[in-house]
Amino acid sequence: MVLKTVYYMGFHLHYNEHYPGKCENIDGIGIGSEDFYTFTDGLTFITSGLALQNEPAHKQEYMVKHNIVGRIYLFDFNKNKAKVEELSIVGSNGGFNVKLFYPHGISGWLDESGKKILFVVNHDEHGVDFIEKFEFIPEKKQLKHVKRYRDDTMLLVNDVQATSKDSFYFTNSATDRIQPWWFVMFCRLAWNTVVYCDGSNYKIVLDDLFVANGIAMSNDGRYVYIANIMNQEIVVAERKSNNDLVKKQLFPVYTYPDNIIVDMKTDNLYIGAHPFIYKINQAVEYPDHHSPSQVLLLYVKDGNIKKTRELFYNDGDLITGSSVAIVFNSKLLIGSVLHKTVLCDVNVPL
């Protein structure tokens, strides 16, 4: 078990840095862009300010020093500029307080009237996880809080995938907030779940996952993809009529996959990944440390992943801890857990 754990750490691995084209950091965004959601018109909503309760004192000092608080930014692929705008957040339904807002995963839905609806995972400062629902008000560059969701099945929520304007799946990446990562890694504890909410009722639809991370759904709604990060694999699940999930494929990626984005034209998957698990865990605890960044493209046919390709690799100086990525209009947008955000030209065939 010790040897297997050391092997999974990746101490023996080496990667060569490469980009798909010119890359630059995006202006206007603070530290962190853990997840984002892109609508078909190119508008992309980015979460920033990821934090959990009981962060160590040195990390709290770092967050205060760099003014890391919960924010959502807007990026527009159509403007062809490496720049974002911070959105104002209004409303306080169900006790929501923007000052206690620490966003993580995000998903969107376009309702029948054309309104953009967002679901956002929130690690409230009081140690309770929620999923917050917002409506985007474009003329005011504003997010209006609509509703908050809370249930005992929300343990340590990581990501969310909307299935309608009122329903969603979400992943639990731990059973509580105090599990040390090394303990989970060494003991290989596959205790995590995917939960479905129809708007009011909750049910576990998939379990026995080894740190469930990002979640995404195919464009036709037939398949759900889950990043089973500590198993270094993507779980492909078939979605049943009652919204239960049945495992269809386990695809190894030989790296640690974080968030998943589905290409809106091809159904291929973009993965932000961490090649060295010990380095990203160091960077999360000590944000001044660097951790490599990696972006994968997974080719999908009929719901099955057929092959994978590495689009981007950086040793951690340009961007540390890549957590999410998407290609849109020949541009690659990459987010990070607690570092910079990067935009690259894509000058290679996909």
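1. Let me start with helix α2 and its packing. In this predicted model, the buried residues of α2 pack against α4, which runs over residues 277–285. Helix α2 itself covers residues 57–65, and its buried members are Lys59, Tyr62 and Met63. Because these residues span an arc of only 95° around the axis, they sit on the same side of α2. The other side of α2 carries the exposed residues Ala57, Glu61, Val64 and Lys65. You may enjoy the fact that a lysine turns up in both groups: Lys59 is buried, whereas Lys65 is exposed.

2. The spacing along such a helix has a simple background. An α-helix has 3.6 residues a turn, so residues three or four places apart point the same way. Past the end of α2, have a look at Asn67, which follows the helix with a positive phi near 55°.

3. Helix α1 can be read in a similar manner. It takes in residues 2–9, with Thr5, Tyr8 and Met9 buried. Their arc around the axis is only 110°, which means that they lie on the same side of α1. Leu3 and Tyr7 are exposed on the other side of α1. Just after α1 comes Gly10, with a positive phi of about 85°.

4. Tyr8 deserves a closer look. This residue lies in helix α1. Is Tyr8 buried or exposed? Its relative accessible area is 17%, and the limit for buried is under 20%, so Tyr8 counts as buried. From Tyr8 to Tyr19 there are eleven residues along the chain, and their C-alpha atoms are 25 Å apart.

5. Two residues other than glycine with positive phi are worth checking on your screen. For Lys141, phi is near 50°. Lys141 belongs to the loop between β9 (129–137) and β10 (142–149), and at 30% relative accessibility it is partly exposed. For Asp208, phi is positive at about 60°, although this residue is not a glycine. Asp208 is found in strand β14, residues 202–209. With a relative accessible area of 51%, Asp208 is exposed; the cut-off for exposed is over 50%.

6. Next, please look at Phe170 in strand β12, which covers residues 168–174. How much relative accessible area does Phe170 have? The value is 0%, so Phe170 is buried. Leaving out residues up to four places away in sequence, Phe170 touches Ile131, Thr153, Met154, Val157, Asp159, Val160, Thr193, Val194, Val195 and Tyr202. As for Lys99, it is 71 residues from Phe170 in sequence, and the C-alpha to C-alpha distance between the two is 23 Å.

7. Ser48 is another residue to inspect, this time in strand β3 (residues 43–48). Its relative accessible area is 3%, so Ser48 is buried. Which residues does Ser48 touch, not counting those up to four places away in sequence? They are Ile31, Gly32, Val69, Gly70, Arg71, Tyr73 and Pro103. Across the sequence, Ser48 and His339 are 291 residues apart, yet their C-alpha atoms are separated by 9.8 Å.

8. Now for the chain as a whole. How many helices and strands does the protein chain have? There are four helices and 25 strands. The radius of gyration is 18 Å, close to the 20 Å that the globule rule gives for 350 residues, so the chain is as compact as a globular protein of that length. Along its principal axes, the C-alpha trace spans about 50 × 50 × 40 Å.

9. Burial and contacts can be read together here. Of the 350 residues in the protein chain, 59% are buried. Among contacts with a separation of 6 or more, 56% join residues 24 or more positions apart.

10. A final point on surface and charge. The accessible surface of the protein chain is about 14,800 Å², and carbon and sulfur atoms account for 50% of that surface. The chain has 35 positive and 41 negative charges, and the mean positions of the two sets are 4 Å apart.

Conventions
Residues are numbered from 1 along each chain as its sequence is written. This is a predicted model: local features need pLDDT of at least 70, side-chain atom pairs count only at pLDDT 80 or more; totals for chains, interfaces and linings use all residues. Side-chain values use heavy atoms; hydrogens and water are left out. The radius of gyration is taken over C-alpha atoms; the globule rule is 2.2 Å times the number of residues to the power 0.38. Buried means under 20% relative accessible area, exposed over 50%, partly exposed in between (1.4 Å probe, protein chains only). Contact means heavy atoms within 4.5 Å. Accessible areas come from the Shrake-Rupley method with a 1.4 Å probe; for residues, only the protein chains shown count as cover. Lys and Arg count as positive and Asp and Glu as negative; His and the chain ends are not counted. The place of a charge is taken as NZ of Lys, CZ of Arg, CG of Asp or CD of Glu. The arc is that of the directions from the helix axis to the C-beta atoms.
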